[in-house]
Amino acid sequence: MSKLIVMPVDDPSATLLSTSDPAAIAADLGAVGVTFEQWTADATLAHDAGQDAVMSAYADDVARIRDMGFGTVDVVRLHGDPNDAEFMSNAAAARAKFLSEHAHADDEVRFFVEGSGAFYLRLTRPDGIEAVHVALCEQGDFISVPKDTLHWFDMGTAPSFAAIRFFQIEDGWVGEFTGDAIAERFPTFDELVAAAG
Ligand SMILES: [Fe+2]
């Protein structure tokens, strides 16, 4: 289930908000400039479905977002057997890439068509409190994080997700890392999933 958990930057043990209601998630994220929507993502993807197969399964959605000025589109898909050492090694490298706080010169726009992953967004709320907004995104979730937003992404130690990524700028995915260890102070994707039962 998609979920939003909001914690103050200076106190990861406190919870300002925790909700699984899609409308509440959209409203709260909308108030800090992040778009969250739930779309239909019910295509059955073959185990070995690659970029082209995923894009054609969601051709209408891809065309709609392209028309909004996102000229570059690709697919990131990670799933495999947790007992497969090669997969787990590749997964660890992929996970580590964006696990520290960073920002991009482009909006980070993702449509999750399989599995789940967590965005951690460091934003100042309308009441002035700086908080980490954890958006646990699942299949069907569309999220658009504005450029320059400080954030990180955790796909978990055994990733299983596919997301279509949209870019306005060719190299828009390149991260500018802040060097802040904030990510280490907040619960990981694995911990959040375990807590959600
Ligand atoms: Fe990012």
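# Notebook: one helix, one iron ion, two cores

**Entry 1, helix H1.** I began on the outward side of H1, where Ala23, Ala27 and Ala31 are exposed. I kept in mind that this is a predicted model. Which residues of H1 are buried? Within this helix, which covers residues 22-31, I found Ile25, Asp28 and Leu29 buried. I then looked down the axis of H1: the buried residues fall within an arc of 95 degrees, so they line one face of the helix.

Next I asked what covers the buried residues of H1. My list includes strands E1 (3-8), E2 (17-19), E3 (35-38), E6 (108-124) and E7 (130-138). Just past the helix I noted Gly33, which follows H1 and has a positive phi, near 90 degrees.

**Entry 2, Leu29.** I stayed with one buried residue of H1 and looked up its partners. Leaving aside neighbours within four places in sequence, Leu29 is in contact with Leu4, Val34, Phe36, Leu121, His133 and Ala135.

**Entry 3, the cores.** Leu29 came up again in the largest nonpolar core, which has 24 residues. Leu29, Val34, Phe112, Phe119 and Ile143 are the ones with the most contacts inside this core. I checked which elements give two or more residues to it: E1, H1, helix H4 (85-97), E6, E7, strand E8 (141-145) and strand E10 (161-167). E6 gives the most, with four residues. I also found a second, separate core of 19 residues, and Trp39, Phe70, Val113 and Phe142 are among them. A reminder to myself from class: in soluble globular proteins, nonpolar side chains tend to be buried together.

**Entry 4, aromatic rings.** How many aromatic pairs are there? I get a count of 11. I picked out Phe112 and Phe161: their ring centres are 6.2 Å apart and their planes stand at 40 degrees, so I wrote the pair down as tilted. Phe112 sits in strand E6 and Phe161 in strand E10, so this pair ties together parts that are 49 residues apart in sequence. Are these two rings buried or exposed? Phe112 is buried, with a relative accessible area of 1%, and Phe161 is buried at 2%. I also traced a cluster in which ring pairs link Trp39, Tyr58, Phe111 and Phe142.

**Entry 5, the iron ion.** Which residues hold the protein donors of the iron ion? I found His102 (NE2), His104 (NE2), Glu108 (OE) and His151 (NE2), lying 2.1 to 2.2 Å from the ion. Along the chain, the donors follow the spacing H-x1-H-x3-E-x42-H. His102 belongs to strand E5 (residues 102-103) and His151 to strand E9 (residues 150-154), so the pair ties together parts that are 49 residues apart in sequence. I looked up their surroundings too: His102 is buried, with a relative accessible area of 1%, and His151 is buried, with 2%.

Why is the arrangement irregular? The four donor atoms subtend angles of 77 to 161 degrees around the iron ion, which makes it so. For reference, I jotted down that the ideal angle for four tetrahedral donors is 109.5 degrees.

**Entry 6, Thr35.** My last stop was Thr35, in strand E3. Thr35 is partly exposed, with a relative accessible area of 32%. Not counting residues up to four places away in sequence, Thr35 touches Phe142, Ile143 and Ser144. I also checked Thr35 against Pro146: they are 111 residues apart in sequence, and 8.6 Å apart in space, C-alpha to C-alpha.

Key
Residues are numbered from 1 along each chain as its sequence is written. This is a predicted model: local features need pLDDT of at least 70, side-chain atom pairs count only at pLDDT 80 or more; totals for chains, interfaces and linings use all residues. Side-chain values use heavy atoms; hydrogens and water are left out. Buried means under 20% relative accessible area, exposed over 50%, partly exposed in between (1.4 Å probe, protein chains only). The arc is that of the directions from the helix axis to the C-beta atoms. Contact means heavy atoms within 4.5 Å. Donors are N, O and S atoms within 2.8 Å of the metal (3.2 Å for Na, K and Ca); water is not among the atoms, so sites may look incomplete. Four donors count as tetrahedral if all angles lie between 85 and 135 degrees; four count as square planar and six as octahedral if opposite donors are over 155 degrees apart and all others between 65 and 115; anything else is irregular. A nonpolar core is a set of buried Ala, Val, Leu, Ile, Met, Phe, Trp, Tyr and Cys residues joined through side-chain atoms within 4.5 Å. Rings of Phe, Tyr and Trp (its six-membered ring) pair if their centres lie within 6.5 Å; planes under 30 degrees apart count as stacked, over 60 as edge-to-face and the rest as tilted.
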